[in-house]
Amino acid sequence: MSEPQPASDPRGTAPAPRRLKPAPLLFEPPEATSDPEHFFDLESIEDPKELLTRSTELTLAFRAAADRATEFQAMAAAQLADPKRFDRLPLSVIAERADWTEDYAAKMVEFGRGLLRSGGGSNLDPTD
């Protein structure tokens, strides 16, 4: 999915692209998470510009966290499927533990092997 592009300036000049830094993911207090209407205090922000900025920061942070977690899943799957391990797990067991199909587990193992060979996560797509 491509990122939305800023509207061009009516004078014909495009605005400079703005790089957004992901917001830090902080854990919410337990009492806040018990309230279904509470989400990182966004419901208390009344200014729509500020709300858009903060919610965009959170969106980017969650995407980055999900991407990184996927890379760690892939590396763990590759390690668990390593034929050199005496306690190697079959793809069916890895798939069951991660709630994947066996085909997806195989792709993740290959993705993880690539990450491990290259020295860690690099935002590669396991579905390629």
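This report walks through the helices, the nonpolar core and the salt bridges of the structure above. Keep in mind that this is a predicted model.

**Two helices, end to end**

Let's start with helix H2, which covers residues 48-80. Does its length add up? At 1.5 Å a residue, its 33 residues should span 48 Å, and the C-alpha atoms at its ends are 47 Å apart, so the two values agree. You can run the check on helix H4, residues 102-118, as well. Its 17 residues should span 24 Å at 1.5 Å a residue, and the end C-alpha atoms are indeed 24 Å apart. Just after H4 comes Gly119, which has a positive phi near 95 degrees.

**How the helices pack**

Now look at which parts of the helices are hidden. In H2, the buried residues are Leu58, Ala61, Glu71, Ala74, Met75, Ala77 and Ala78. The buried residues of H2 pack against H3 and H4. Over in H4, you'll find Ala105, Met108, Val109, Phe111, Gly112, Gly114 and Leu115 buried, and the buried residues of this helix pack against H2 and H3.

What about H3 and H4 as a pair? A handy bit of background: two packed helices are described by the angle between their axes and the distance between the axes. The axes of H3 and H4 come within 8 Å and cross at roughly 100 degrees. That angle makes H3 roughly perpendicular to H4, because 65 to 115 degrees counts as roughly perpendicular. On the H3 side, Leu91, Ser92 and Ala95 make the contact, and on the H4 side it is Glu102, Ala105, Ala106 and Val109.

**The nonpolar core**

In soluble globular proteins, nonpolar side chains tend to be buried together. Here, the largest nonpolar core has 13 residues, and the ones that touch the most other members are Ala74, Ala77, Ile94, Trp100, Met108, Phe111 and Leu115. H2, H3 (91-98) and H4 each supply at least two residues of this core. Which helix gives the most to this core? That would be H4, with five residues.

**Salt bridges along the helices**

Side chains of opposite charge can pair when their charged atoms come close. The structure holds four salt bridges, and the table shows three of them, including one in H4.

| Pair | Closest N to O | Helix |
|---|---|---|
| Arg54 and Glu57 | 3.5 Å | H2 |
| Arg68 and Glu71 | 2.8 Å | H2 |
| Arg113 and Glu110 | 2.7 Å | H4 |

Why can partners like these meet? An α-helix has 3.6 residues a turn, so residues three or four places apart point the same way. Glu57 and Arg54 fit that picture, being three residues apart in H2, or about one helical turn. Likewise, Arg68 and Glu71 sit three residues apart in H2, about one turn of the helix, and Arg113 and Glu110 are also three residues apart, in H4.

So where do these charged residues sit, buried or exposed? Under 20% relative accessible area means buried and over 50% means exposed, with partly exposed in between. Glu57 is partly exposed because its value is 24%, and Arg54 is partly exposed at 23%. In the next pair, Arg68 is partly exposed at 37%, whereas Glu71 has a value of 3% and is therefore buried. In H4, Arg113 at 25% counts as partly exposed, and so does Glu110 at 45%.

How values were computed:
Residues numbered from 1 in each chain as written. Predicted model: local features only at pLDDT ≥ 70, side-chain atom pairs only at ≥ 80, totals over all residues. Heavy atoms only, no water. Salt bridge = Lys/Arg side-chain N within 4 Å of Asp/Glu carboxyl O. Helix = DSSP H or I, 4+ residues; strand = E, 2+ residues; numbered from the N terminus. Buried < 20%, exposed > 50% of the residue type's maximum accessible area, 1.4 Å probe, protein only. Core = buried A, V, L, I, M, F, W, Y, C linked by side-chain atoms within 4.5 Å. Expected span 1.5 Å × (residues − 1). Contact = heavy atoms within 4.5 Å. Axes fitted to C-alpha atoms, helices over the stretch in contact; angles between N-to-C directions. Parallel < 35°, antiparallel > 145°, perpendicular 65-115°, else oblique.
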